[in-house]
Amino acid sequence: MIGLYHPGSSIVHRTPTLLKLLLLSVGVTAVGLLGQPRQLLVALGVVFVLYIVAGIPPRPAWEQIGPILWILVIVVPLQALFAGWTTAGMMAGRLVVAVAMAALFTLTTTVTAVLEGFQALLHPFRRWIDADRVGLLVALTLRCIPLVAEIVAEVLEARRARGTQGSLLALAVPVVVRSLYAADAIGEALVARGLDD
Amino acid sequence: MTRITFDGVSHSYGDRNVLRDIRLDLSEHRIGVVGANGSGKSTLVRMINGLITPTRGTVTVDGLNVARNAREVRRQVGFIFTNPDNQIVMPTVQEDVAFTLRRRGLSREQVAERTAAALDRFGLSAHADHPAHRLSGGQKQLLALAAVLVAEPKIVVADEPTTLLDARNARRITDLLREMSQQVIVVTHQLDLLAGFDRVVVIEEGEVAFDGAPDSALDAYRELLA
């Protein structure tokens with residue numbers, strides 16, 4: 001979601017966000033219920049076709065789906081040990097298809113569209129919930145992930161430079177302090193950008 | 001240009017006085033504010049769009065008391081921070097610029113049109129859908145400028161906008177600030193940034209130590225530092 005959007009004008013890109021979310025939920029549930037390897041292959045084929053229709057190149061697709069394969073390398077043999085290779089293979093297949101579907105949503109939907117989707121979902125509850133604030137909360141959460149990751153990376157580097165690699169305290173304290181300072185600065189910038197309008 | 005006044009403005013953080021009885025009447029096009037670290041210059045410019053409210057005295061922008069009309073004043077005053085990372089709110093470049101406009105009640109088409117124009121002006125069109133956090137430092141500061149200027153403020157306040165940048169990017173941001181049609185107020189330690197400015201205010205230990213033409217002001221500032 002954090003900058004993974006792959007621009008395009010395909011039907012997958014143009015499908016309304018809430019409809020995409022609904023189809024994703026239905027799709028993931030359906031894949032979880034599939035009992036036959038043949039059915040799973042059909043599902044995999046459908047997702048593959050959707051990637052082609054959306055014009056997603058292999059690299060960004062692999063960046064999303066690839067990491068799950070490393071988990072499967074460990075989980076599948078364990079599952080096979082207790083439940084057999086067929087069950088383990090089905091589990092792995094279901095997981096790959098589900099992750100591929102979720103990644104397709106991420107690759108074809110902007111954060112703004114997701115926020116607007118959230119706001120539309122919350123519209124009936126506007127008397128009790130400020131949809132704009134919830135949308136902003138989600139956006140800021142997504143924005144802060146790379147920011148905190150950057151802080152952690154800098155602190156780790158500083159920790160190495162000072163020869164205090166083993167100390168958890170030397171990591172936690174500066175990360176928390178710098179994150180709080182960053183949160184304060186972002187709050188100030190939000191006010192300056194008219195958030196309290 | 002808009003008239004900004006500081007009338008007997010003081011500010012303290014706890015028992016530490018950072019500004020004392022500041023009296024200024026600013027209406028020039030390009031105004032520089034210089035001073036040593038901790039002199040109170042950042043606190044001073046933050047008062048222009050109500051990020052900080054004076055402990056004593058009044059700040060007005062175009063006749064409006066900032067403390068009482070902060071929302072209205074902020075629509076006229078754009079603020080650029082030292083670290084653009086703290087100013088970027090949305091995950092992608094385009095969305096961050098659009099964020100400013102989405103809160104102004106414009107239609108989706110108007111937001112898209114003005115966002116595209118702002119990205120084009122600052123050479124960021126090619127990065128529109130890129131993650132904002134992956135931009136270089138200079139590009140991030142350009143994004144911060146685009147996100148502020150897309151709202152068409154009458155005044156742009158920049159608090160040390162080139163401090164974290166390399167020489168080339170600092171020059172680019174400096175040129176952009178200098179060429180703006182808006183009234184510009186820049187806090188800086190980089191004195192060459194103030195070439196061609198109309199007025200420079202030197203702040204020292206919370207007071208106005210010098211106020212006048214850039215050449216004389218910068219001489220006075222260098223003397224203070226010596």
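How far apart should the end C-alpha atoms of the 17 residues of helix 2 (residues 17-33) of chain A be at 1.5 Å a residue, and what does the model give? The views below start there; keep in mind that this is a predicted model.

**View 1. Helix 2 of chain A, end to end.** With 17 residues at 1.5 Å a residue, helix 2 of chain A should span 24 Å, and its end C-alpha atoms are indeed 24 Å apart, so the two values agree.

**View 2. The two sides of helix 2 of chain A.** Look for A:Thr17, A:Lys20, A:Gly27 and A:Val31, which are the buried residues of this helix. They sit on the same side of helix 2 of chain A because they cover an arc of only 80 degrees around the axis. Turn to the other side and you find A:Leu19, A:Leu22, A:Ser25, A:Val26, A:Thr29, A:Gly32 and A:Leu33, which are exposed. As for what the buried residues pack against, that's helix 3 (37-54), helix 5 (85-108) and helix 6 (111-122) of chain A.

**View 3. UniProt's transmembrane spans on chain A.** An unreviewed UniProt entry puts the feature "transmembrane region" at residues 17-35, 40-56, 68-88, 95-115 and 135-156 of chain A. Two of these spans get a close-up here. Residues 17-35 of chain A are 89% helix and 0% strand, with end C-alpha atoms 29 Å apart. For residues 135-156 of chain A, the figures are 100% helix, 0% strand and 32 Å between the end C-alpha atoms.

**View 4. Two domains in chain A.** The domain assignment splits off domain 1 (11-109) and domain 2 (125-192) of chain A. Taken over C-alpha atoms, the centres of these two domains are separated by 31 Å.

**View 5. The open sheet of chain B.** Here four strands line up in the order 2-1-4-5, with antiparallel pairing. Strand 2 (16-26) and strand 5 (64-65) of chain B are the edges, each pairing on one side only. Zoom in on strand 1 (residues 4-13) and strand 4 (residues 56-61) of chain B: they run antiparallel and are joined by five bridges. To pick out one residue pair, go to B:Thr5, whose bridge partner in strand 4 of chain B is B:Thr60.

**View 6. Where chain B meets chain A.** The contact draws 25 residues from chain B and 25 residues from chain A. On the chain B side, helix 2 (70-74) and helix 3 (93-102) each supply at least two residues. Helix 3 of chain B gives the largest share of that side, three residues.

Notes. Residues numbered from 1 in each chain as written. Chains lettered and ligands numbered in written order. Predicted model: local features only at pLDDT ≥ 70, side-chain atom pairs only at ≥ 80, totals over all residues. Pairing = 2+ DSSP bridges. Expected span 1.5 Å × (residues − 1). Buried ≥ 20, exposed ≤ 12 C-beta atoms within 10 Å, placed from the backbone. Arc of directions from axis to C-beta. Contact = placed C-beta atoms within 7 Å. Domains from an automatic or database assignment. UniProt positions renumbered as here; feature names shortened; annotations may be inferred.
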